Structure formats: C-alpha cells, structure tokens
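This report is for a reader meeting the structure for the first time. Please look over the sequence and the model before reading on.

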Amino acid sequence: MQQAVTASPAPPAGTGIGRLLREDVACVFDRDPAARTRWEVLTCYPGVHALIAHRVSHALWRRGFKWAARFLAYLSRAVTNIDIHPGARIGRRFFIDHGAGVVIGETAEVGDDVTLYHGVTLGGTSWNKGKRHPTLQDGVLVGSGAKILGPITVGSNARVGANSVVTKDVPDGMTVVGIPGRIVQPASLRRAAGESGIDLDHHLMPDPVGKAIACLIDHINRIEARLEAHTAEEALKLAPLTGVVCDSCGNVCGQDACETAHPPAALKEGMLQ
C-alpha cells in the first residue's frame, strides 16, 4: 500500500511545469481504462486541459500576475466546465475523471495522487479571508457529486463516497459516506489497492443508515420471539386452573384469603382469559 504522507503545499522545488504535466498525463492510464494513447488524452480529456491551464495560471498567480491568472482560469472554465481558482495548490499526478462541474476554491490544497470525479466541490463555508477551503492529502479519492466544505483535512488514502457532504476532518485511510459525512469503513476492511496504490472501487460503499435499520429490525424480532415464548409458557402454567376471577385484580382467586379480602359479591365464576 502507498505510504501515507501529508499533502505538499506547493510543487517540490526543482519540479518544472513540463515534468508535472508529463506525470499528469501518464497517471491517466493508471486510473482510466478508457485511455488509449497520449494524443487522445491530450486532446480529449477536459480534466487534463483544466489541469494544464491551472499549472500555468498558478505560476502566474504566484508571480503576482493576478488578473492574467484569473483570466486564464476563466477561459479554462469556459472550455472545460471545470473551475479551479489559480490560487489553489495542487500536487503531482492529479486526475479529474470526466470533470464536468468540478469546483476547487482558492485556498484548497491537494496532495499527490489524488483523484476527483465529476461534480466534486472543494468549497468554503466562510466569507472571511484566509484558509477557508479543504486540504486533501495524498492518495485521496472523491466520488462524483461529493462536497467537501470548509478548512478541514481529508487524510491520506481516504475515500469520500459519491454525493457525500463532508464538513469535518477525515482520518487517514478511512471511508466517508452520507449527508453529513460519516466514517464507515477503515482501510483494513477495504479491498487491497492496485499497482497504482489507488483503490478505484469507490462504488463499494457500505450503507450505515440501512445497516442501523436492519439491526433495529433484528432486535425487535428477537424481543417479539422472547415475548411470544414467555406468553406461551405462562399460558401452559395457567391452563389447568379453574375458579373465580377477581373483578378487582383480574387474577384467579380461589383461595380463602382472597375471598376474605374480596367478598363473594365481587367475584364471578369463569376461566382466566
């Protein structure tokens, strides 16, 4: 399994844009079986186009060319339908599959070997300046439609299920699903990752709500079975009894003490119902 390390706030020193882009293109073949040739990836993958534009716009942003960086990001969004703020820090071998509707905010930080599917939002929950977007550490996989909001951290090799809404930190190697996001599966219970170190079986997600309901139903069935057994046992014990049924207490009262406490006028003949 891939070693878990924290996300890099910026590309490593000495790593040029050209090398980063080559790695970005090469990683597509590890995570998308539909990819056939480099030319196809370079010309037909909007996630790659958006990432290329972001690498350039981020370099402009860091050098103080803010307007140029924002305008390039705007043009990229118009073409790819992927909105990445030029201030976002993205690590190596980042892959956006399909890409439509992905939004990455200004202060978001993304580590190495991260995979996002379409409709993912790395958004903020505050209008205040400063860190307001999430940090995704190395090896994170985020399913389609998921929303990760606020200055939280998603730990290394964690998975976020499709359409989940995550607003709290996620430990390393855990799986989060639901609204709000709940931790449901540790790395030890997941399928072993492939050669790329990335587990792409993001559709194999447990259902914590369904599991809780199933446990409640099972518990109710056990209680009902015990109640029926107890009722049958008591009925067998009382079946041979005959006598009078007390109007006051409802029990079989054939003893002298009970007749003394309740005069005969208060008793009636019959069987225990």
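## Helix α4 and a surface patch

Leu75 sits in helix α4, which covers residues 66-80. The model is a predicted one, and in it Leu75 has a relative accessible area of 38%, so the residue counts as partly exposed. Leu75 also belongs to a nonpolar surface patch of about 480 Å². The other members of the patch are Trp67, Phe71 and Tyr74.

After helix α4 comes a loop that leads to strand β1 (83-84), and Asn81 is placed in this loop. Asn81 is not a glycine, yet its phi is positive, at about 65°. With a relative accessibility of 47%, Asn81 is classed as partly exposed.

## The protein as a whole

The protein has 273 residues, and 40% of them are buried. Its secondary structure consists of 6 helices and 17 strands. The exposed area is about 15,300 Å², of which 58% comes from carbon and sulfur atoms.

Contacts can also be sorted by how far apart the partners are along the chain. Of the contacts between residues at least 6 apart in sequence, 41% join residues that are at least 24 apart.

## Salt bridges around Glu23 and Arg93

In general, side chains of opposite charge can pair when their charged atoms come close. The structure holds 9 salt bridges. Which residues are linked in a network of salt bridges? They are Glu23, Arg31, Arg92, Arg93 and Asp113.

Glu23 belongs to helix α1, which runs over residues 17-31. Its relative accessibility is 16%, so Glu23 counts as buried. Beyond its neighbours within four places in sequence, Glu23 is in contact with Arg92 and Arg93. The side chains of Glu23 and Arg93 form a salt bridge, with N and O 3.6 Å apart. This pair links distant parts of the chain, since Glu23 is in helix α1 and Arg93 is in the loop between β2 (89-90) and β3 (95-96). The C-alpha atoms of Glu23 and Arg93 are 5.5 Å apart in space, while the residues are 70 apart in sequence. Arg93 is partly exposed, at a relative accessible area of 24%.

## Asp113 and its partners

Asp113 lies in the loop between β5 (109-110) and β6. Like Asn81, Asp113 is a residue other than glycine with a positive phi; for Asp113 the angle is about 60°. Is Asp113 buried or exposed? Its relative accessible area is 8%, so Asp113 is buried.

Asp113 takes part in a salt bridge with Arg31, in which the closest N and O atoms are 3.5 Å apart. Because Asp113 is in the loop between β5 and β6 and Arg31 is in helix α1, this pair ties together parts 82 residues apart in sequence. Arg31 and Asp113 are both buried. Asp113 also forms a salt bridge with the side chain of Arg93, at 2.6 Å from N to O. Here the partners come from two loops, Asp113 from the one between β5 and β6 and Arg93 from the one between β2 and β3, so the pair ties together parts 20 residues apart in sequence.

## Thr115 beside Arg31

Strand β6 covers residues 115-116 and includes Thr115. The relative accessible area of Thr115 is 0%, so this residue is buried. The side chain of Thr115 makes a polar contact with the side chain of Arg31, at 2.9 Å. Arg31 thus has this contact with Thr115 as well as the salt bridge with Asp113.

## Cysteines and a cis peptide bond

How many disulfides does the count give? The count comes to 0. Two of the cysteines can be described by their accessibility. Cys27 is buried, because its relative accessibility is 3%, whereas Cys44 is exposed, because its relative accessibility is 52%.

A separate backbone feature is found at Ile179 and Pro180, which are joined by a cis peptide bond. The omega angle of this bond is about -5°. Pro180 lies in the loop that connects β14 (175-177) with β15 (182-185).

How values were computed:
Residues numbered from 1 in each chain as written. Predicted model: local features only at pLDDT ≥ 70, side-chain atom pairs only at ≥ 80, totals over all residues. Heavy atoms only, no water. Helix = DSSP H or I, 4+ residues; strand = E, 2+ residues; numbered from the N terminus. Buried < 20%, exposed > 50% of the residue type's maximum accessible area, 1.4 Å probe, protein only. Polar contact = N/O pair within 3.5 Å; in protein donor to acceptor, adjacent residues only side chain to side chain. Disulfide = S-S within 2.5 Å. Contact = heavy atoms within 4.5 Å. Areas by Shrake-Rupley, 256 points an atom, 1.4 Å probe, with all protein chains shown as cover. Patch = residues over 30% accessible without salt bridge, like charges linked within 9 Å, V, L, I, M, F, W, Y side chains within 5 Å. Salt bridge = Lys/Arg side-chain N within 4 Å of Asp/Glu carboxyl O.
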